[in-house]
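Here is a short set of exercises to work through with the structure open beside you. Try each task before reading its solution.

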Amino acid sequence: MSFENKLKVIFARFLEALDAISKDTVDQTKLKAMKTIFDLLVANPEQEAANLARLVNKLGDTTRGIAAKAGYQLNKLLEAHPVMKNIVLGEVERLLYRPNVSKRAQYYGICCLSQLMLNGHEDDSAEVATKLIGIYFSFFKLFAVKKGDLDSKLISALLTGVNRAYPYLKTQGREEKVSSSSLSSHVETMYRVVHMTTNFGTALQALTLLFQLS
């Protein structure tokens, strides 16, 4: 067996051990494991997909601080590697729509996406913004419309995300195509959110978005 193959086997074992440590019952131990996973993602493309999945999975951790830290690290990763936006977005999206995923994991996943830094000078900013808005409105319809389950924290995170992403549908003189029927559906959903919510701040965010959509 060549030296490279032996090294890959050893590295794979190391990652398996790291994954086990990241599920420890002690928060400080989990945080150290997450920091190592984050450092590997920033510095080394080896096993990138597996390490990214490990970090994204921590958005569903039962400890609030761990889940929030995972979102922070994912955004720091994109500061170091902006070209990974679509990859990270896809992995978080898989978590959001995973069967039996907890509402807590969905909340921290949406918070993570809402913090994504978009840049109007990047070629894929309109594409990323369109994907983000599609995710946000699917959650509006799922929770605020179909279930009538208006979690104010989740709705606020969704509204923050839409308000941040919407301006980037127009990028470098090119306008991302949004059908009139889709736009009308979004406006109707926002009107429902405004009328259903009892939280003034959430209603104000929804009205701000309605102003942008109109």
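**Exercise 1. Two backbone outliers**

Task: Classify Gln47 as buried, partly exposed or exposed, and then do the same for Asn100.

Solution. Start with Gln47: its relative accessible area is 35%, so this residue is partly exposed, since the partly exposed class lies between 20% and 50%. Asn100 has a relative accessible area of 83% and counts as exposed, because that class begins over 50%. Bear in mind that the model is a predicted one.

Next, look at the backbone. Gln47 has a positive phi of about 60 degrees although it is not a glycine. Asn100, also a residue other than glycine, has a positive phi near 65 degrees.

Finally, place them on the chain. Gln47 lies in the loop between helix H2 (27-43) and helix H3 (48-57), while Asn100 is in the loop between H5 and helix H6 (103-114).

**Exercise 2. The overall layout**

Task: How many helices and strands does the chain have, and in what pattern do they follow along the sequence?

Solution. Count the elements: there are 10 helices and 2 strands. Reading along the sequence gives α-α-α-α-α-α-α-α-β-β-α-α.

Now turn to burial and contacts. Of the 214 residues in the chain, 42% are buried. Among contacts between residues at least 6 apart in sequence, 67% join residues at least 24 apart. The chain exposes about 11600 Å², and carbon and sulfur atoms supply 56% of that area.

**Exercise 3. Checking a helix**

Task: Work out the span expected for helix H5 (residues 85-96) and compare it with the distance between its end C-alpha atoms.

Solution. H5 has 12 residues, and at 1.5 Å a residue it should span 16 Å. The multiplier is one less than the number of residues, because that is how the expected span is defined. The end C-alpha atoms are 16 Å apart, which agrees.

As a further step, find the buried residues of H5: they are Lys85, Val88, Leu89, Gly90, Glu91, Val92, Leu95 and Leu96.

**Exercise 4. Into the core**

Task: Which residues have the most contacts inside the largest nonpolar core, and which helix gives the most to it?

Solution. The largest nonpolar core has 59 residues, and those with the most contacts inside it are Leu59, Leu74, Ile110, Leu113, Leu132, Phe140 and Met190. Helix H7 (residues 125-146) gives the most to this core, with 9 residues.

Take Met190 and list what it touches. Leaving out residues up to four places away in sequence, Met190 touches Phe137, Phe140, Leu159, Ala206, Leu209, Leu210 and Leu213.

**Exercise 5. Aromatic rings**

Task: Is the pair of Phe11 and Phe14 stacked or edge-to-face?

Solution. A search of the whole structure finds 3 aromatic pairs. For Phe11 and Phe14, the ring centres are 6.3 Å apart and the planes are at 25 degrees, so the pair is stacked; the cut-off for stacking is under 30 degrees.

Then consider the sequence spacing. Phe11 and Phe14 are 3 residues apart in helix H1 (residues 3-21), which separates them by about one helical turn. Because an α-helix has 3.6 residues a turn, residues three or four places apart point the same way. Phe11 counts as buried at 17% relative accessibility, whereas Phe14 is partly exposed at 40%.

Compare another pair: Tyr107 and Tyr108 are edge-to-face, 5.1 Å centre to centre with 70 degrees between the planes. Both of these tyrosines, Tyr107 and Tyr108, are buried. To finish, look at Lys153, whose charged end sits over the ring of Tyr107, 4.9 Å from its centre.

Methods
Residues numbered from 1 in each chain as written. Predicted model: local features only at pLDDT ≥ 70, side-chain atom pairs only at ≥ 80, totals over all residues. Heavy atoms only, no water. Helix = DSSP H or I, 4+ residues; strand = E, 2+ residues; numbered from the N terminus. Buried < 20%, exposed > 50% of the residue type's maximum accessible area, 1.4 Å probe, protein only. Core = buried A, V, L, I, M, F, W, Y, C linked by side-chain atoms within 4.5 Å. Contact = heavy atoms within 4.5 Å. Phe/Tyr/Trp six-rings, centres within 6.5 Å; stacked < 30°, edge-to-face > 60°. Lys NZ or Arg CZ within 6 Å of the ring centre and 35° of its normal. Areas by Shrake-Rupley, 256 points an atom, 1.4 Å probe, with all protein chains shown as cover.
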